[in-house]
Structures are given as structure tokens and as C-alpha cells.
Amino acid sequence: MIVPPSDMLLKVLGGPHHTELVTSLFRLAQALLDADASVQVWACGAATGLTSASLGDLKPRDVTDRATDYPSIAALAGRLVRAYPERLNWYVCRFCSEDRGNTAQIAEVRTRPAARFWEHVQAADQMLVLGVC
Amino acid sequence: MADYLLIESNGPADGPAAARFVADAATLASQGAKVALLLIQNGVAGAVAGIDMGWEEFLSRGGELWVDRFSVRQRALADADLVAGARLADMDEVAKKLLTPGVRAVWH
């Protein structure tokens, strides 16, 4: 595989239960895409769970608001990738996903070997690492 | 001139690391670098007036203090609550800065 060139590589570590990091990731990715930039997301560590297929399309039902559907993080990520098929690519670290039992991923993301991360860095003009393991 | 975008996501309640990050930013600014420091998530708590994170030194050396508007609103803070010299910034400004050639970005 040849990694498509991108203006920005966002490497993210950490899951949604830690902080607002994932919200910041989505906000920043959307702002970059709105600025016509091409973006790749590389999910490492607990962030490989963001696009786990086991999350399904919806969050568990809110018992105080049973009539409302809330999309899962995986559904939001898939929706964002589908909205920008030419300018957004989402990659998942194979080592980290296997280590955490997240091997079944949604169709919109691609699993990549950790040893190929350098190719993604090389393909990006700029890189920002968000969060820690 | 080196151009930096430093992003602090931790607040003063998370320990001393955020203040150290601000000190690093002030050092870079004092060496002639152009430095914008963005506070985001819990980091915006450090911009509340009365909390000493080393802003006077950072700002006096030419640093720019950006505070994420979304994070401020989420915490029910008002503009008047923020330290003098801080300015609210939206994510589109952050994206624009990141896409500026030569900018070095660090998230903490």
C-alpha cells in the first residue's frame, strides 16, 4: 500500500472515557477538512477502540430519554470518513488493536502494521500527536 | 523565526506539568520564537484570572495566549473571567495555524 499524501496527520492515543480528547480530535479534524486540507488519522493505544465494530451504530439507550438515538463514536467516525472520501483516511494500529481485542473494525477504517507508521509520517506535511497511552 | 503552536490540555488541578509547559513556552518566546499557546479542555482553567501560571512572563516576552472558546463555554466561564491578554480562539484558527508552513505543533 502507498500511503496517500496528506496535509495533516493526527495521531491519537486514548479512549473516550479518559478526557474530552476525542471531542477535540473530531473538532480539529472537521476544522482542517473545512479548510480544504487532506487529513489522515492514526489511532493507537486505547484509541483503536473508537472504531471498533462491536460499538454498533448507536450508544446504549439513555434511560431518561428513551426516544432519542445517539450515534456511537464508531458511527461518527465512519460518517466523517464517508463525508470526505478523497481527503480523510482513518488508520488503526494493528498491534494496539490486537493487544486490546479490537480486531473487528468498521469498514471505513484500515488497519495498518505499527512498523509502517513511518510511511504515514513521511506522507504528511504536518503531524500532531494528541494524548498519551 | 521559529513558529510554534503549543497546545495545553491539562489544567492547574492536574499537577505542575501545565505550568512547566507555560514556562517552556516563555523560554521559546524569549529566544525570539513566535509562540502561540492554546489552552483547551481542562487547560482553559489555567486562564482564569487570579491563577498564576506564569502568564505575565509569557505575555511580556511576546507570547500569544489563545483560549479555546468551546472549552470555555462548556465550563460556563465568561470572557471576563479570563486573565488579561488572553483571547478566545475557535478551531478554525487552530487549523489555519497548523496548516501554516513551518509551524511546529506540540500537544500536551
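# Reading a two-chain model

In chain A, residues 24 or more positions apart account for 71% of the contacts with a separation of 6 or more.

Biologist: Before that figure, what kind of model is this?

Modeller: This is a predicted model. Keep that in mind throughout.

Biologist: Then how do I read the contact figure for chain A?

Modeller: Ask how far apart in sequence the partners are. In chain A, 71% of the contacts with a separation of 6 or more join residues 24 or more positions apart. Chain B can be read in the same way. There, 70% of the contacts between residues at least 6 apart join residues at least 24 apart.

Biologist: Which elements does chain A contain, and in what order?

Modeller: Start with the count, then walk from the N terminus. Chain A has four helices and five strands. Their order is β-α-β-α-β-α-β-α-β.

Biologist: Why is chain A called as compact as a globular protein of its length?

Modeller: Compare the radius of gyration with the globule rule. For 133 residues the rule gives 14 Å. Chain A has 15 Å, which is close, so chain A is as compact as a globular protein of that length. For its extent, use the principal axes. The C-alpha trace of chain A spans about 45 × 35 × 25 Å along them.

Biologist: What does chain B look like by those tests?

Modeller: Count again. Chain B holds four helices and five strands. Along the sequence they follow the pattern β-α-β-α-β-α-β-α-β. Its radius of gyration is 13 Å, close to the 13 Å from the rule for 108 residues, so chain B too is as compact as a globular protein of its length. Its C-alpha trace spans about 35 × 25 × 25 Å along the principal axes.

Biologist: How much of each chain is buried?

Modeller: Burial is judged residue by residue, with a cut-off: under 20% relative accessible area is buried. In chain A, 49% of the 133 residues count as buried. In chain B, 44% of the 108 residues do.

Biologist: And what do the chains expose?

Modeller: Look at the area, then at the atoms that supply it. Chain A exposes about 6,700 Å², with 53% supplied by carbon and sulfur atoms. Chain B exposes about 5,000 Å², with 52% from carbon and sulfur atoms.

Biologist: How many charged side chains are there?

Modeller: Count each sign, then locate the centre of each set. Chain A has 13 positive and 14 negative side chains, with the two centres 4 Å apart. Chain B has 10 positive and 14 negative side chains, and its centres lie 5 Å apart.

Biologist: Where do I begin with the interface? How many residues touch?

Modeller: Begin with the partners on each side. In chain B, 18 residues are in contact with 19 residues of chain A. Next comes the area. The two chains bury about 1,400 Å² between them, and 64% of that is on carbon and sulfur atoms.

Biologist: Which three residues of chain B supply more of its buried area than any other three?

Modeller: They are M91(B), L99(B) and W107(B). Together they supply 41% of the area that chain B buries against chain A.

Biologist: Which residues does S24(A) touch?

Modeller: Place it first. S24(A) sits in helix 1 of chain A, residues 21-34. Setting aside neighbours within four places in sequence, S24(A) contacts I40(B), Q41(B), M91(B) and W107(B).

Biologist: Is S24(A) buried or exposed?

Modeller: Its relative accessible area is 4%, so S24(A) is buried.

Biologist: Q41(B) was one of those partners. What is its phi?

Modeller: Check the sign, and whether the residue is glycine. Phi of Q41(B) is near 55°, a positive value in a residue other than glycine. Q41(B) lies in the loop between strand 2 (34-39) and helix 2 (55-60) of chain B. With a relative accessible area of 4%, Q41(B) is buried.

Biologist: What about phi of D36(A)?

Modeller: Phi of D36(A) is near 70°, also positive in a residue other than glycine. D36(A) is in the loop between helix 1 and strand 2 (39-44) of chain A. At 62% relative accessibility, D36(A) counts as exposed.

Biologist: How far apart are A2(B) and V103(B)?

Modeller: Give two distances, one in sequence and one in space. A2(B) and V103(B) are 101 residues apart in sequence, yet 7.4 Å apart in space, C-alpha to C-alpha. A2(B) is in the segment before strand 1 (3-8) of chain B. Leaving aside neighbours within four places, A2(B) contacts A33(B) and K34(B). At 28% relative accessibility, A2(B) counts as partly exposed.

Technical notes: Residues are numbered from 1 along each chain as its sequence is written. Chains are lettered from A and ligands numbered from 1 in the order in which they are written. This is a predicted model: local features need pLDDT of at least 70, side-chain atom pairs count only at pLDDT 80 or more; totals for chains, interfaces and linings use all residues. Side-chain values use heavy atoms; hydrogens and water are left out. Helices (H or I, at least four residues) and strands (E, at least two) are DSSP runs, numbered from the N terminus. The radius of gyration is taken over C-alpha atoms; the globule rule is 2.2 Å times the number of residues to the power 0.38. Buried means under 20% relative accessible area, exposed over 50%, partly exposed in between (1.4 Å probe, protein chains only). Contact means heavy atoms within 4.5 Å. Accessible areas come from the Shrake-Rupley method with a 1.4 Å probe; for residues, only the protein chains shown count as cover. Lys and Arg count as positive and Asp and Glu as negative; His and the chain ends are not counted. The place of a charge is taken as NZ of Lys, CZ of Arg, CG of Asp or CD of Glu. Buried area is the accessible area (1.4 Å probe) that two parts lose on being put together, summed over both.
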